[in-house]
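Here are a few exercises to work through with the model open beside you. Try each task before reading its solution.

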Amino acid sequence: MFQRIKVVLDPLSGIRPLIKNHFLLHQLIVRNVAMRYRGSLLGLFWSFVQPLMMLCVYTFVFGCVFKARWGVENETNSAFAVIMFCGVVFYTLFSESILSNCSVILTNPNYVKKVIFPLELLPFAQVCSTFLVGLVWILLLFLGVVFIYGNLSWNMLFMPLLLLPLFLLTCGISYFVASLSVYIRDTPYVVGVLLQIMFFMTPIFYRVEAVPERYRLPLQLNPMTLIIDEARKVFIYGAPLNWYLWAISMIVSLAAYHLGFAWFYKTKRGFADVL
């Protein structure tokens, strides 16, 4: 009882197991990346093909069919595609990590039955492997910004700082859904529906300003809105990082990470009994 309360109150409780078991964490990440495309003919080439196919479909539907535009000067279909792809990349990292963690405990029952195995590593390693593969998508985004916008700014170097709150937020929610999926097997289906709804509630292919003011509050409360908007301003337009907004997103993400880890730590003792 006291140990669980200590985990909730200790701000470093979610970091210590990762540092203590860093070698094991590295092995899990390497295994996840290696197993991702094992048995496929194209292997890691799918890391390039998949986002490009998504980009083509979204550009055709929203740019050509619905004639959606971002509202910038001299905007073309290619420019709109790059702006939209920036949002797609960040949201895909978020959604794919969470969906994969819905089954990370259920598909590794052998680890659960080992008393000494730190189960906290499994969701964290899953998020890390998804973000590593996502570096390919960020490379494609960089090439699109350079060749279509002709924009190369030193502010692009802030991309790791922009990814940090996204990573922490994703880990926090992943800890929560990984634990909840063990006790409630419908969790993956519910999470899938919620992520689809959240996709359209995130300014990926439209601007927040394009939404009527009375409907903007849910979008503004969405933490992904702040992260994606800042990523576009810094990475595409070369604007300086807004440290105030970045600090807000970091505080929200750190809180989500800590609460998610505390929930996972509190509930993991019952995993073996359920499985």
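Helices here are DSSP runs of H or I with at least four residues, numbered from the N terminus. The model is predicted, so local features need pLDDT of at least 70 and side-chain atom pairs pLDDT 80 or more, while totals for chains, interfaces and linings use all residues. Residues are numbered from 1 along each chain as its sequence is written, and side-chain values use heavy atoms, with hydrogens and water left out.

**Exercise 1.** Place Ser-47 in its helix and work out whether Ser-47 is buried or exposed.

*Solution.* Start with the helix: Ser-47 sits in H4, residues 46–65. Next, the cut-offs: buried is under 20% relative accessible area, exposed is over 50%, and partly exposed lies in between, using a 1.4 Å probe and protein chains only. Ser-47 has 3% relative accessibility, so it counts as buried. Now look for its partners, taking contact as heavy atoms within 4.5 Å. Setting aside neighbours within four places in sequence, Ser-47 touches Tyr-37, Val-133, Val-136 and Trp-137. Finally, check Leu-135: it lies 88 residues from Ser-47 in sequence, yet their C-alphas are 9.3 Å apart.

**Exercise 2.** Do the same for Gln-126: which helix holds it, and which residues is it in contact with?

*Solution.* Gln-126 belongs to helix H7. Its relative accessible area is 17%, so Gln-126 is buried. Beyond neighbours within four places in sequence, its contacts are Asn-32, Ser-100, Asn-101 and Val-104.

**Exercise 3.** Compare the reach of H5 with its expected span, then see how covered H5 is.

*Solution.* The expected span is 1.5 Å times one less than the number of residues. H5 (77–101) has 25 residues, and its 35 Å from first C-alpha to last is close to the expected 36 Å. As for cover, 21 of the 25 residues of H5 are buried. Then pick out Phe-94: leaving out neighbours within four places in sequence, its contacts include Leu-166, Leu-169, Ile-173 and Met-224.

**Exercise 4.** How do H8 and H12 pack, and how do H8 and H9 cross?

*Solution.* Axes are lines fitted to C-alpha atoms, for helices over the stretch in contact, and angles run from 0 to 180 degrees between N-to-C directions. H8 and H12 pack at about 25°, axes 8 Å apart. Under 35 degrees is roughly parallel, over 145 roughly antiparallel, 65 to 115 roughly perpendicular, and the rest oblique. H8 and H12 are therefore roughly parallel. For H8 and H9, the axes come within 9 Å and cross at roughly 140°. That makes H8 oblique to H9. Val-177, Leu-180 and Ser-181 of H8 make this contact with Thr-187, Pro-188 and Val-191 of H9.

How values were computed:
Helix = DSSP H or I, 4+ residues; strand = E, 2+ residues; numbered from the N terminus.
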